[in-house]
Amino acid sequence: MRRSLAELGTRLRHLPLTSTRSLASLAYSVQGDHGVVAAIAQGEEFEARAGLDSSMAARMLRSCTTPCGYELVRLIRAATSRGSESHGLQLQGHALKRGFGSDVFVMTALMSFYLEKGSLRGAHILFDEIPDPTVVSWNTLISGYLRFGLFRKGLSLFVQLNKSETCVGDAFSVTAALAACGRSSLLQLGRSIHSKIVKVGMRCSVFVSNCLIDMYGKCGCVQEAVRVFGAMCYKDTISWNSVLSACARNQNLEEALSFLQEMPHPDAISYNEVINGFAQFGNMGDAVQILLYMPKPNSSSWNSIITGYVNRNRSQEALDFFTRMHSEGMEMDEFTFSSILSGIGSLAALSWGIAIHCCTTKCGFDLSVVIGSALVDMYSKCGQVEDAELMFDSLPQRNLITWNAMISGFAHNGFFAKVVHYFEQLLIDGIEPDEITFLNVLSAHSNGGVPSHLAMKYLELMIDEYRIHPTAEHCCSIIRLMGRRGEVRRVGKMIHKLGFGAWAPVWRALLGACGSCRDLEIAKIAAAKLIQLEGNEDYIYVAMSNIYARLKGNGAERLRLGS
């Protein structure tokens, strides 16, 4: 049974919005008459822009008649596009008071308003109150979930729409679902949607076909993307760029280059996709040649080359290319600076880092969280932890990347107490840690000579509280710590419990840990497992020989792994 209009109003009043004023107090300032609506439509400025003073509200209450639903929709959309939260809330109060709570068009417009204000929950509550939602209502909510990165929930709504007896999805519903499949790598569901598209005759739509190409490309099915492209009667620029992207991002570089050469009118996106593909997976010289051949390269083109060099640990070449970009007067953006700062960090080229820090300030990026995070990382890698901390403290906004950069800086420079302090502060600030955060904390514990049960506490927190499945790197950090503490006999059970019994890097870490604490018995187990997984690698015999040598002096020649 649907909830009453009064209950809807009560639930919406308690929703958190960006304004510090509650929905109830804002909605109370207007009692819903045509005078208020007319004033909002004309864009008049009200006192404090959050509401009306009582005398003005009283005068408006005595004026005019109730507007129709169409006018309300128009005004709600205007408030949404202007970003006027107070006016939108006033219009909502008016709509609820005047009986528009079941009007599908008004409620759908209000859903869009709530999504624009960042309240997905508020939009969903409004959707639940619509007696017979239209396909536009469904699409608004589905696209809202996609916009917030909740792709599986959006797909769940799409499935519900398909099962609905009163409403049928349209091309927008399908394309939203395909986008979610691509972002979630849900190939089978994407194929199922493709089959439905063919059945209902939407396959000739350029827009839908472009989304199919994009979905298949993101799911790694290049040839299916190419087949959809080949079957299209008409291809626009987006079609060409989608198939280029599908090829380039899946390492089909020659095919991507072929499409670029065949494309009637390639644009900057076309060239950048191919440049980025070669910079990631191909020959850097080819990537540079394509950039030089490009009619009007932009900052994204140059950024791809710089990032390619940095990711291949060729930071000096990245710095040379950055210098060339600067000398040619190319505009540099946040991505340019963050990429080159990463390269400078790996070179520990502090003087270059300071110079580029000055450039970012002159370019007006001193408040950028992206560049601020990169500067924290750069100073930390150059060993200037105090400067990194000063940079961190000066940032008006910090995201998880910023926190991870600072915690990582402390971990790699041996400031164990600072790692723990900043991790606890991160939690106090309401930021949810990820696997990288925990890896830095565990690494600090591994190198800090602390009791292993403290590290295990963080591992359990990661798994039980934050539902993060540990990686081999997390496991290796714990193993190294236990090796230093002489507790490797507890490791075997942990390896199997965490599901890493068939992972050679984990057993390699255990063999190394046995060398630290000279535990020959566990070393033999680790070595035997490594031989089973990797064969007779020289590393295994060298490690075992070293352990025997430490234990028995001249006993290395008596090495027998099977004994």
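Glu 224 is a good place to start: at a relative accessible area of 17%, this residue is buried. The model is a predicted one, and its charged and aromatic side chains offer a helpful way to read it.

**Salt bridges**

Side chains of opposite charge can pair when their charged atoms come close. Across the whole structure, a search finds 12 salt bridges. In one of them, Glu 224 meets Arg 191, with 2.3 Å from N to O. Glu 224 belongs to helix H14 (residues 222-231) and Arg 191 to helix H12 (residues 187-200), so this pair ties together parts that are 33 residues apart in sequence. Arg 191 is partly exposed, with a relative accessible area of 28%.

Two other bridges sit within single helices. Asp 214 and Lys 218 are both found in helix H13 (residues 206-218), 4 residues apart, or about one turn of the helix. Lys 381 and Asp 377 are likewise 4 residues apart, about one turn, in helix H23 (residues 369-381). Here are the N to O distances of these bridges side by side:

| Salt bridge | N to O distance |
|---|---|
| Glu 224 and Arg 191 | 2.3 Å |
| Asp 214 and Lys 218 | 3.2 Å |
| Lys 381 and Asp 377 | 3.2 Å |

What about burial in the two pairs within a helix? Asp 214 is partly exposed at 27% relative accessibility, and Lys 218 is partly exposed at 38%. In the other pair, Lys 381 is partly exposed at 46% relative accessibility, whereas Asp 377 counts as buried at 18%.

Salt bridges also join into a network, which links Arg 489, Asp 519 and Glu 521.

**Aromatic rings**

A pair of aromatic rings is described by the distance of the centres and the angle of the planes. The structure holds 19 aromatic pairs. One of them is the edge-to-face pair of Phe 392 and Trp 403, at 4.9 Å centre to centre with 80° between the planes. This pair links distant parts of the chain: Phe 392 lies in helix H24 (residues 385-394) and Trp 403 in helix H25 (residues 400-412), 11 residues apart. Phe 392 and Trp 403 are both buried. Ring pairs also bring these two residues into a cluster with Phe 410, Phe 415 and Tyr 422.

**Charges over rings**

Phe 392 has a charged partner too: Arg 398 lies over the face of this ring, at 4.5 Å from the ring centre. Elsewhere, the charged end of Lys 153 sits over the ring of Tyr 145, 6.0 Å from the centre of that ring.

Definitions and conventions. Residues numbered from 1 in each chain as written. Predicted model: local features only at pLDDT ≥ 70, side-chain atom pairs only at ≥ 80, totals over all residues. Heavy atoms only, no water. Phe/Tyr/Trp six-rings, centres within 6.5 Å; stacked < 30°, edge-to-face > 60°. Helix = DSSP H or I, 4+ residues; strand = E, 2+ residues; numbered from the N terminus. Buried < 20%, exposed > 50% of the residue type's maximum accessible area, 1.4 Å probe, protein only. Lys NZ or Arg CZ within 6 Å of the ring centre and 35° of its normal. Salt bridge = Lys/Arg side-chain N within 4 Å of Asp/Glu carboxyl O.
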